[in-house]
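Thanks for coming. I will put a structure on the screen and talk through it for a few minutes.

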Amino acid sequence: MAANAGTTSSFPYLVAGSSPAARRHGAAHRIRASAAGTTGEAAMDVVSEAELREKGFMGMRKTKLVCTVGPACVEALPALARGGMGVARVNLCHGGREWHRAAMRAVRRLNDEEGFCVSLMVDTEGSQLLVADHGGATSVKAEDYSEWLFTNKKTDEAHPFTMHVNFEKFSDGILVGDELVIDGGMATFVVTEKIGNDLRCKCTDPGLLLPRAKLSFWRNGKLVERSFGLPTLSAKDWADIEFGIAEGVDCIALSFVKDDNDIKQLKAYLSRRSLEHIKIFAKIESLESLKNLKDIIKASDGVMVARGDLGVQIPLEQIPAIQESIVTLCRHLNKPVIVASQLLESIVEYPTPTRAEVADVSEAVRQYADAVMLSAESAIGAYPQKALSVLRVASERMESWSREESMQKLLPQHQLAIALPDRISEQICNCAVEMANNLAVDAIFVYTKHGHMASLLSRNRPNPPILAFTDDAHSRKGMNLYWGVIPLHLPLSDSMEDNFKKTITLMKSKDSVKPGDTILLVSDSDLNRPCAATSVFQSIQVRLVD
């Protein structure tokens, strides 16, 4: 992403000189959005509203879609939002601060003026060890048997057959005869000579060397593991986090997580700032993170399976099994999981994906991943809207097949809670989903303050969609990555009956329900406390729409 892409002129959607009609249209949406948060008006995002009206409850897509925002899609942000983008990801590794600010504000403006509910996620750069650059703007071909110098000495210009590595001690512990692998297999070299901190290498498997290529070293078929003692969060990362907080981010994706302490450190920092609503997603992209996987998942609010970087340190043939194990463990532990990287890589250049790529997307959906993500496909690709469309239709088709085959019946459940009130909530949601599937209800409505009950319902992957009503704006954005959950704003009361009446009034006004629809209702214990604060009063009800 070009660093000079940072003026608002790169974002036509932000330009103020629109027509009077457009300004009146935008003002009307601003009034509506403001009213939803202050005067008690209920709100459904325009995408869910349109999808529900067109396809009905059972036709609503369950898998969430994440798009990385980049130069290729800034003009198409409204179209991407209409196409189902639920989370906009801004990668702070690329581009300048002004560009990032403009991108984030463009997303927020979509929500404020157009009635969308798109969450905003930022990625930290992390301590990206062993990144090499040949100094050029495009890829360079490494030919068979060509000799290259890998050095950390910085120069102002590119030198033929030279790669500049970002870390001074990159060659520590490396032996002559070790393999140097570029980007998980784009090209391979063998180390022929050590010259101080530099390495002279011969290409044994020719391929392309991209700018900012990632290096890994292998010996006897195994990764050479080394610890350089660098923190997960660098000084730049902390500055980026402050920037993201100032711009109102909903999620932070933490790169190169080593263990659960990395997550706990950032969560403690956010807690001291009363910013617990910002969700922390751990990016699983290293061998070290796999060794501490369960603890990392438990400590985080969610996980991103970053298959591109993970493939640098893990043999390629192991990635599919590792992905499935991470997705399964996240569901067991009730944490949303995003499958990311290279899902539709060919659409970066071509308008049609390969059939293998569509099968890859479908497999992630079959595994019940909460979300699938576009990276380069939307950020720098030639066809961002086409890529999103492929994600959407592939997800919908696989979800339909899973329902037809009753695949959710094969999902084992594991008890999470220990305290009795939490165990009651968990069992209420387990039973609610079983009832909803057995009775073939049209939808599940859950009234929740913080989204926990919605997440417990989602964990069971029910057939009908889960409409989660909350009066907390942060909770609404936080539920955007829960499988099958459509978060809506609704001023909540302590009365289930009042909440249901307001809900049906809202849905009828949108032509979203019809007489005879069957709704299963679940209440959150936070909304119904008739006795002491320690009491738990929750219920499941089945209602017919009049």
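What follows is a short walk through the empty spaces, two sheet regions and two residues with unusual backbone angles. Please keep in mind that this is a predicted model.

I will start with the open space. The largest pocket holds about 1900 Å³. It has 50 lining residues, and those closest to its centre are L210, K214, Q342, E345 and A376. Several elements give two or more residues to that lining: strand 2, strand 12 (213-219), strand 16 (302-306), helix 9 (307-313), helix 10 (319-332), helix 11 (355-366) and helix 12 (376-379). Helix 9 has the largest share, with 5 residues. Sorted by class, the lining of this pocket has 22 nonpolar, 15 polar and 13 charged residues.

Where does the largest pocket lie with respect to the domains? Domain 1 (62-127 + 233-396) and domain 2 (130-223) both contribute residues to its lining, so the pocket lies between them.

Next, the closed spaces. Rolling a probe the size of a water molecule over the atoms shows where empty space is left. Searching the whole structure turns up 4 cavities of 30 Å³ or more. I will cover two of them.

The largest cavity has a volume of about 260 Å³. Its lining is made of 19 residues, and D45, S48, R61, G86 and N480 are the ones nearest the centre. The elements giving two or more residues here are helix 2 (46-55), strand 1 (64-68), strand 2 (85-91) and strand 21 (485-489). So strand 2 is on the list for this cavity and also on the list for the largest pocket. By class, the lining of the largest cavity divides into 11 nonpolar, 4 polar and 4 charged residues. Since domain 1 and domain 3 (423-545) both supply lining residues, this cavity lies between those two domains.

The second largest cavity has about 80 Å³ of space. Among the residues that line it are K62, Y368, E399, R403, R461 and W483. Helix 13, residues 384-404, provides the largest share, 4 residues. The class count for this lining is 5 nonpolar, 3 polar and 4 charged. The second largest cavity also lies between domain 1 and domain 3, because both give residues to its lining.

One of those lining residues deserves a second look, namely R461. R461 sits in the loop between helix 15 (452-459) and strand 20 (466-470). Its phi is near 50 degrees, which is a positive value in a residue other than glycine. Is R461 buried or exposed? Its relative accessibility is 3%, and the cut-off for buried is under 20%, so R461 counts as buried.

Strand 20 brings me to the first sheet. This is an open sheet of 5 strands in the order 21-20-19-22-23, and the pairing is mixed. Strand 21 and strand 23 (540-544) are at the edges with a single partner strand each, so one side of each has no neighbour in the sheet. From one strand to the next, the twist averages 25 degrees. Further in, strand 19 (residues 443-447) and strand 22 (residues 518-523) run parallel and are joined by 5 bridges. Within that pair, F445 stands opposite L521. Strand 21, as I said, also gives residues to the lining of the largest cavity.

The last region is around strand 7. In a regular strand the side chains alternate between the two faces of the sheet. In strand 7, T162 and H164 are on one side, M163 and V165 are on the other, and all of these are buried, so both faces are covered.

Which strands pair with strand 7? Strand 4 (residues 131-133) runs antiparallel to strand 7, with 2 bridges. There, A132 stands opposite V165. Strand 6 pairs with strand 7 in the parallel sense over 3 bridges. In that pairing, L149 is opposite T162.

Just ahead of strand 7 is the other residue with an unusual angle. F161 is in the loop between strand 6 (147-151) and strand 7 (162-165). Its phi is near 60 degrees, again positive in a residue other than glycine. At 48% relative accessibility F161 counts as partly exposed, whereas R461 counts as buried.

That is what I had on this model.

Key. Residues are numbered from 1 along each chain as its sequence is written. This is a predicted model: local features need pLDDT of at least 70, side-chain atom pairs count only at pLDDT 80 or more; totals for chains, interfaces and linings use all residues. Side-chain values use heavy atoms; hydrogens and water are left out. On a 1 Å grid over the protein atoms alone, a cavity is a set of points where a 1.4 Å probe fits but cannot get out, and a pocket is an open set with protein on both sides within 12 Å along at least five of seven lines; lining residues have an atom within 4 Å of a point. Grid points are joined across faces, edges and corners, and a volume is the space filled by probe spheres set on the points. Ala, Val, Leu, Ile, Met, Phe, Trp, Tyr, Cys and Pro count as nonpolar, Asp, Glu, Lys and Arg as charged, and the others, Gly among them, as polar. Domain bounds come from an automatic or database domain assignment. Buried means under 20% relative accessible area, exposed over 50%, partly exposed in between (1.4 Å probe, protein chains only). Two strands pair if DSSP finds at least two bridges between them. Axes are lines fitted to C-alpha atoms, for helices over the stretch in contact, and angles run from 0 to 180 degrees between N-to-C directions.
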